[in-house]
Amino acid sequence: MTFSWDELDTRAVTTAKMLAADAVENAGSGHPGTAISLAPLAYLIFQKHLQMDPTDHLWLGRDRFVMSAGHSSLTQYISLYLAGAGLTLEDLKEFRTFKSKTPGHPEYGHTDFVEITTGPLGSGMSSAVGMAMAQRRLRGMFDPEAPAGESPFDHNVWVIAGDGCLQEGISSEASSLAGTQKLGNLIVFWDDNHISIEDDTNIAFNEDVLKRYEAYGWHTQHVDWTASGEYKEDVEAVEQAIQNALAETDRPSIIGLRTIIGWPTPGKQNTGGIHGSALGAEALAGLKEALGIDPTKMFDVDEEAVAHAQANMKARGEAARSKWDEKFSAWRAANPERAELYDRLSKRELPEGWEDALPKFEEGKSLATRAASGKVLNALAPVLPELWGGSADLAGSNNTLMAGEPSFLPEERSSDMFSGNKYGRNLHFGVREHAMGAIMNGIALEGMTRVYGGTFFVFSDYMRGAVRLASLMKLPVTYVWTHDSVGVGEDGPTHQPIEHLTAYRAIPNLSVVRPADAAETAQAWKNIILRDSTAAIILSRQGLPNPARGGELASAEGVARGGYVLRDTDGTPDVILMASGSEVQHAVGAAQILEEEGVKARVVSMPSMEWFEEQDEEYKESVLPSSVTARVSVEAGLAAPWYKYLGIRGRAISIETFGEVGSGGELMEYFGFNKENVAKVAREVLAN
């Protein structure tokens, strides 16, 4: 295909530069520099390469675009405006204002065609790795036999990243895995401008980045707009690099583009000062004069150039959509069973009777909830093909492997223990918790599948940033966090979570679910899948009793409510014992002791405070009647989240220090997690 770039394209880029400067000046804050200097690159990507239908931001056949350098959100917004894709000039004038479509950083679900919330540097390009992986998985589920590039499930993932993105450790983690996975559908542009907030990046960032990416297994190229000694925005050189990247189908590609940030803004280009603040009247006028624009006018767009760009995108979109629709129709006709699965997954529906696959665990037999979770995943695997996931190198400990399923990796990377292929199902993230979290976000954003990822609960700290973004975007990802307390034992205080339950309960939109036994674990998974939202299931290393239900103890189906009366007493209770996870057994044991003493104790299992808080007041009052003020909470972590239920008379049995050295059983006893101590504290509360 012959490359075409005419005067109207150049004028459209000039308009884009002006809009970047004016929008920030109008808002009084923002990041104009990158948006000014990257205008030619963004225009080239959107107008010449990006497969998109500007009338449908959810079209399955679209390429994904990720503005990883999210502070340069105007790069994306202006590109969407020039594409006629949902944003208007008025939206650009409202940049960074209350409730506008153009917030300071791109927000998923807020602005159409924004594929992901970005801003925390490195997270966008790391999630793009997940998008590329998910695309490959979907192709394997629906159309594995199609020649490369010929399936309706083929598309590319385009990323613009900055120096900051490549400095963050998360991008190194994810990029390493992307090379291992040979993701040929991923193209990253690195804005190599040598400038960050603290000015010249040489003070902190001076390795050979492309050599690093070559070592990761990437295809690398560099285009230098400064090479001639006279700055030249050579779009043809970038175009050639793009063509080379598109031809490289067996490796992810990174194209380093040496730019001068903010060019051609006199006095401010190539400085940290243009990175994150308005230009000011003098520099703004100087930029416009350099661009040949009237310096006295604001938002003075070149209407002809804008119309040209929007018409071009409309025509390209219609052609791409028509071609894709033809492929998709042919695929549906040739693959009726796969099409039926596609229809179900595209609607986020579950197959009828899928719950029947949930395992029934032997009552009275001790089982760690991490083991129970593994049995649930393996039972669901045949009925939910959309479910896939893995672990940060802890699959055997997290019990996240689906037995008999191939691993997701290039076939030649199979090992003696794990064989697989590029369309496999078991994911191996390596020791990369933060990247795992971001990759899961990318997988979820691609839609269709349901992803989970595991590590030890204490190491969830490494991935907290990605978990926060998943919760912010309300993505249906599931974290499998095992080894949930001092019950870990011998591994010592570094491996014993203390503050983690409290910390993750503090994140809005994240459901934290800590089941008490195998029966609750099955119900936890059932409701996580039904809810299809961001959730963490917190699981024990040690075996826990799986007592009989339906007699003294209520059905584990109460998990759906978040908190429920597990064991009750006749009439109004004297005291309420509340617990989650492995400590529920001690609350039940204490209730039995107290009953023998004539004290009426109710036991409330509280696997998920978030789900409990969603219930109506009538239900919550039925579980925790306000008339009963004698209450005890039992949980091997900080007490803080329980105070809203304890009231002024209640007492918490908790851990307010780091862990200790010893076996899990010894530490539980040491910190007072046994039925005798729970009964003792209950007596003290009643006495007061």
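1. In this predicted model, the charged end of Arg464 sits over the ring of Tyr504, at 4.9 Å from the ring centre. A second arrangement of this kind involves Arg561, which lies over the face of Tyr619 at 4.0 Å from the centre of that ring.

2. Turning to charged pairs, the count for the structure comes to 41 salt bridges. One of them joins the side chains of Glu233 and Lys17, with 2.8 Å from N to O. Because Glu233 lies in the loop between β6 (219–224) and α10 (235–247) while Lys17 belongs to helix α1 (residues 7–27), this pair ties together parts that are 216 residues apart in sequence. As for the surroundings of the two partners, Glu233 counts as partly exposed at 22% relative accessibility, whereas Lys17, at 2%, counts as buried.

3. The side chains of Lys182 and Asp250 also meet in a salt bridge, at 3.0 Å from N to O. Lys182 is placed in the loop between α8 (169–181) and β3 (186–192), and Asp250 in the loop between α10 and β7 (253–258), so that the pair ties together parts lying 68 residues apart in sequence. Asp250 is partly exposed, its relative accessible area being 40%.

4. A salt bridge within one helix is formed by the side chains of Lys211 and Glu214, for which the N to O distance is 4.0 Å; readers should bear in mind that the cut-off applied is within 4 Å. The two residues are three apart in helix α9 (residues 209–216), and are therefore separated by about one helical turn. In general, an α-helix has 3.6 residues a turn, so residues three or four places apart point the same way. With a relative accessible area of 54%, Lys211 is exposed, while Glu214, with 45%, is partly exposed.

5. Beyond these individual pairs, a network of salt bridges links Arg344, Arg348, Glu386, Arg450 and Asp532.

6. The geometry of helix α16 (residues 433–446) can be checked against expectation: at 1.5 Å a residue, its 14 residues should span 20 Å, and the C-alpha atoms at its ends are indeed 20 Å apart. Of the 14 residues of α16, 13 are buried, so this helix is largely enclosed by the rest of the structure. The residue that follows α16 is Gly447, which has a positive phi, near 85°.

7. Which aromatic contacts deserve a closer look? A search of the whole structure finds 32 aromatic pairs. In the case of Phe142 and Trp331, the ring centres are 6.0 Å apart and the planes stand at 85°, so the pair is edge-to-face. Since Phe142 lies in helix α6 (residues 123–142) and Trp331 in helix α12 (residues 303–334), the pair ties together parts that are 189 residues apart in sequence. Both residues are buried, Phe142 with a relative accessible area of 0% and Trp331 with one of 4%. For Trp388 and Phe408, the ring centres are 5.4 Å apart and the planes are at 65°, so this pair too is edge-to-face. The latter pair links distant parts of the chain, with Trp388 in strand β9 (residues 387–391) and Phe408 in strand β10 (residues 407–408), 20 residues apart. Trp388 is buried, its relative accessible area being 0%, and Phe408 is likewise buried, at 0%.

8. Ring pairs also build up a cluster, into which Trp59, Phe142, Phe153, Trp324, Phe328, Trp331 and Tyr342 are linked.

9. Thr369 is part of helix α14 (residues 369–380), and at 0% relative accessibility it counts as buried. Leaving aside residues up to four places away in sequence, Thr369 touches Pro515, Ala516, Asp517, Ala518, Thr521, Leu539, Ser540, Gln542 and Leu544.

10. The largest nonpolar core has 74 residues, and those with the most contacts inside it are Leu577 and Leu624. Helix α20 (residues 584–596) supplies the largest share of this core, namely seven residues. When residues up to four places away in sequence are not counted, Leu624 touches Ile576, Met578, Val604, Met606, Phe612, Arg631 and Tyr645. A second, separate core has 67 residues, among them Leu8, Met52, Leu279 and Ile293. As general background, nonpolar side chains tend to be buried together in soluble globular proteins.

Notes. Residues are numbered from 1 along each chain as its sequence is written. This is a predicted model: local features need pLDDT of at least 70, side-chain atom pairs count only at pLDDT 80 or more; totals for chains, interfaces and linings use all residues. Side-chain values use heavy atoms; hydrogens and water are left out. Helices (H or I, at least four residues) and strands (E, at least two) are DSSP runs, numbered from the N terminus. Buried means under 20% relative accessible area, exposed over 50%, partly exposed in between (1.4 Å probe, protein chains only). The expected span of a helix is 1.5 Å times one less than its number of residues. Rings of Phe, Tyr and Trp (its six-membered ring) pair if their centres lie within 6.5 Å; planes under 30 degrees apart count as stacked, over 60 as edge-to-face and the rest as tilted. A charge sits over a ring if NZ of Lys or CZ of Arg is within 6 Å of the ring centre and within 35 degrees of the ring normal. Contact means heavy atoms within 4.5 Å. A nonpolar core is a set of buried Ala, Val, Leu, Ile, Met, Phe, Trp, Tyr and Cys residues joined through side-chain atoms within 4.5 Å.
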